[in-house]
Amino acid sequence: VPNSYSLSQNYPNPFNPVTMIDFALPASSNVVLKVFNTLGKEVATIYSGYLGAGRYNIDFNASDLSSGVYFYTLSAGDFIGTKKMILVK
């Protein structure tokens, strides 16, 4: 079980059209993982639900999005983390 919340950089980055996002939860909690464009508009919800403590990786398929810079945000417990990713088509 991880000691702290963490959100890793997606891999690969830049990507086309699928990338993997890793994160860790030290305790069970409600988790929301969302993607935003550079204007701050939500463009996708990758995951929303309850997860137990542990390490997770989730594939994100961005085939519906256009090339550009996006941000993904993980909210879990009292943790909020954001990372940048680049989609190249």
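**Exercise 1. Find the partner of Ser-6 and place its strand in a sheet.**

Start with the bridge: in this predicted model, Ser-6 has Ala-24 of strand 2 as its bridge partner.

Next, take the two strands. Strand 1 and strand 2 (residues 18-25) are paired in the antiparallel sense, over two bridges. Two strands count as paired if DSSP finds at least two bridges between them.

Now widen the view. The open sheet here has three strands, ordered 1-2-5, with antiparallel pairing. Strand 1 (6-7) and strand 5 (54-61) are the edges; each has a single partner strand, so one side of each lacks a neighbour in the sheet.

**Exercise 2. Work out whether Ile-58 is buried or exposed, and list what surrounds it.**

Locate the residue: Ile-58 sits in strand 5.

Apply the cut-off. Buried means under 20% relative accessible area. Ile-58 has 17%, so this residue is buried.

List the contacts, leaving out residues up to four places away in sequence. Ile-58 touches Thr-19, Met-20, Ile-21, Phe-23, Leu-33, Ile-46 and Tyr-47.

Add one distance. Between Ile-58 and Pro-12 the C-alpha to C-alpha separation is 13 Å, while the two are 46 residues apart in sequence.

**Exercise 3. Give the strand order of the four-stranded sheet, then find its edges.**

Write down the order: four strands make an open sheet, 4-3-6-7, and the pairing is antiparallel.

Read off the ends. Strand 4 (42-51) and strand 7 each have a single partner strand, so one side of each is left without a neighbour in the sheet.

Check the twist. On average, neighbouring strands of this sheet are turned by 15° against each other, direction ignored.

Look at one pair. Strand 6 (residues 68-76) pairs with strand 7 in the antiparallel sense, over nine bridges. Leu-74 stands opposite Gly-81 of strand 7.

Recall the chemistry: strands of a sheet pair through backbone hydrogen bonds, either parallel or antiparallel.

**Exercise 4. Classify Ile-86 by its accessible area and name the surface patch that includes this residue.**

Place the residue first: Ile-86 belongs to strand 7 (residues 79-87).

Then classify. The partly exposed class lies between the buried limit of 20% and the exposed limit of 50%. Ile-86 has a relative accessible area of 31%, so Ile-86 is partly exposed.

Now check the patch cut-off, which asks for over 30% relative accessible area. Ile-86, at 31%, passes.

Finally, name the members. Val-69, Ile-86 and Val-88 make up a nonpolar patch on the surface. Together they have about 190 Å² of accessible area.

Key
Residues numbered from 1 in each chain as written. Predicted model: local features only at pLDDT ≥ 70, side-chain atom pairs only at ≥ 80, totals over all residues. Heavy atoms only, no water. Patch = residues over 30% accessible without salt bridge, like charges linked within 9 Å, V, L, I, M, F, W, Y side chains within 5 Å. Areas by Shrake-Rupley, 256 points an atom, 1.4 Å probe, with all protein chains shown as cover. Salt bridge = Lys/Arg side-chain N within 4 Å of Asp/Glu carboxyl O. Buried < 20%, exposed > 50% of the residue type's maximum accessible area, 1.4 Å probe, protein only. Axes fitted to C-alpha atoms, helices over the stretch in contact; angles between N-to-C directions. Contact = heavy atoms within 4.5 Å.
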